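Welcome, and thanks for taking a look at this structure. The briefing below walks through a few spots worth finding in the viewer.

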Amino acid sequence: EQAVAVAGGIIGGILLFVLLGITAYLFWKKFCRPFSYEKLINPVKTTNANAVFQDQANSEIQLKSTRSRSVPFIIPPTLHGRDWIHLTNEEQVQEDSDPYMTPQSGPRSSFHSLAGAYVVGTINPDLYKFPEDKSETDFPDGNIGRLWFSIEYEQESERLLVSLIKVRKLQPPSDSCSPFVKIFLLPDERSYLQSKTKRKTLNPQFDENFVFQVSSKMLLQRTLKFLVYHVDQQKKHHLLGQVIFPLKNEALTEDNKLVIWRDLEKENLEPPSEYGDIQFSLSYNDYLGRLTVVVLRARGLKLQEESPAVGVYVKVSLMNHNKFIKSKKTAALLGTSNPVYNETFSFKADQTELDTASLSLSVLQSNKGEKTLLLGRVVVGPFMYTRGKELEHWNEMISKPKELVKRWHALC
């Protein structure tokens, strides 16, 4: 019995000793460790580089020992004096004159544990700026406005969805401007859709949607036309500019919504000539020896037959003296006397040949099973049947290398 009593007393003593040790450890953890942290986070106000590096080394050692997964962000000195709010329910930033100090009261989290903390530096705002949209700032000399829109085609319902977004930098005839836009789907110029009028602004924001019903077979032969008008105080409409946008070169699908911008062009207010007019651009690259022609559009053509099956195309031929060197032609557009092409052709032409070369642009009408008919022709260059405007266009092209020179010409 005495041996059992002695053994029980020894076991009880050991348990009591263990319990006292655990209690002492908990008290040490609760009261002593914060003082050790206070030692680590003393303000760094010395310019001694060795002291700074030593503090950072101590921080890295503490980080490895505690394996903290979060790195605290130290508020940079440039942001001192601001009022900071709670970041989450458990994390807060204390307003303090020293960015290295932690809150003395309030809830703590691993975010505020400075074990392994180090200064990460300041944020560079330039790294977070969106790339500048140059379409909003780069306006060439003589610009009369710029229009933004988007297009999308629903194959199943055969609907062309046009979103009119905005217009910028309008040049009205008076100080006040109340613009609106008419939208056509050429070659139909009798019907159109119209936006709302925006009062007293040179930079209207429209954000309006329009729908045109057009079959997928005819879609690529259609052209969007935007006319931007200004309404004056007497309710009169003044045309400020237009945008012509052919659909034939665009990949229009439901999953491909195209956002596009175009500069406004002034409408040619002169009446069409007897046989109609054609607009095209010329440029010459003297380094590559390349002559480029961009056939833009024609208007007022005198078709021999008004029929949807009638196709109109332009044949572009390079000539030297009276010899045809090479010919190329545009696609044939059906049933319109005002076709829009926007097609580019290039020809090899040495600079020494420019004094004897010329370009012939012939507008032709074709119908299945019938002979092709010539609707009109224009020749530009120093040779053959050139006239004043045609020769001026050619000389202006040579004087402005690598620059597209655009002009209207009367067919004959």
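A good place to start is Glu343, which touches Lys248, Val293, Val294, Val295, Lys329, Thr330 and Ala331, leaving aside residues up to four places away in sequence. Please keep in mind that this is a predicted model. From Glu343 the tour moves on to a sheet, some aromatic rings, two lysines over rings, and a few single residues.

**Glu343 and its setting**

- Glu343 belongs to strand E14, which covers residues 340–348.
- Is Glu343 buried or exposed? Its relative accessibility is 16%, so Glu343 counts as buried, because the cut-off for buried is under 20%.

**A sheet of four strands**

- Look next for an open sheet of 4 strands, in the order E4-E3-E6-E7, where the pairing is antiparallel.
- Which strands stand at the edges of this sheet? They are E4 (188–194) and E7, each with a single partner strand, so one side of each has no neighbour in the sheet.
- From one strand to the next, the twist averages 25 degrees.
- Within the sheet, E3 and E6 are joined in the antiparallel sense over 8 bridges.
- You can also pick out a bridge by its residues: Pro179 has His230 in E6 as its bridge partner.
- As background, the strands of a sheet pair through backbone hydrogen bonds, in either a parallel or an antiparallel way.

**Aromatic rings**

- How many aromatic pairs are there? The count comes to 4 aromatic pairs.
- One of them joins Phe149 and Phe245 in an edge-to-face pair, with 5.4 Å centre to centre and 75 degrees between the planes.
- Phe149 sits in strand E1 (residues 146–154) and Phe245 in strand E7 (residues 237–246), so this pair ties together parts of the chain that are 96 residues apart in sequence.
- Both rings belong to buried residues: Phe149 has 0% relative accessibility, and Phe245 has 2%.
- Phe180 and Tyr229 make a stacked pair, with 5.4 Å centre to centre and 15 degrees between the planes.
- That pair also links distant parts of the chain, with Phe180 in strand E3 (residues 179–186) and Tyr229 in strand E6 (residues 223–231), 49 residues apart.
- Phe180 counts as buried at 1% relative accessibility, and Tyr229 counts as buried at 14%.
- Ring pairs also bring Phe149, Phe226 and Phe245 into a cluster.

**Lysines over rings**

- Return to Tyr229, and you will find the charged end of Lys182 over its ring, 4.9 Å from the ring centre.
- Another such arrangement has the charged end of Lys328 over the ring of Phe347, 5.0 Å from the centre of that ring.

**Cysteines**

- How many disulfides does the structure hold? It holds 0 disulfides.
- Cys177 counts as buried, at 2% relative accessibility, whereas Cys412 counts as exposed, at 55%.

**Lys389 and helix H5**

- Lys389 is found in helix H5, which covers residues 388–399.
- With a relative accessible area of 56%, Lys389 is exposed, because exposed means over 50%.
- To see how sequence and space compare here, find Ala410: Lys389 and Ala410 are 21 residues apart in sequence, and their C-alpha atoms are 9.5 Å apart in space.

Methods:
Residues numbered from 1 in each chain as written. Predicted model: local features only at pLDDT ≥ 70, side-chain atom pairs only at ≥ 80, totals over all residues. Heavy atoms only, no water. Disulfide = S-S within 2.5 Å. Buried < 20%, exposed > 50% of the residue type's maximum accessible area, 1.4 Å probe, protein only. Phe/Tyr/Trp six-rings, centres within 6.5 Å; stacked < 30°, edge-to-face > 60°. Helix = DSSP H or I, 4+ residues; strand = E, 2+ residues; numbered from the N terminus. Lys NZ or Arg CZ within 6 Å of the ring centre and 35° of its normal. Contact = heavy atoms within 4.5 Å. Pairing = 2+ DSSP bridges. Axes fitted to C-alpha atoms, helices over the stretch in contact; angles between N-to-C directions.
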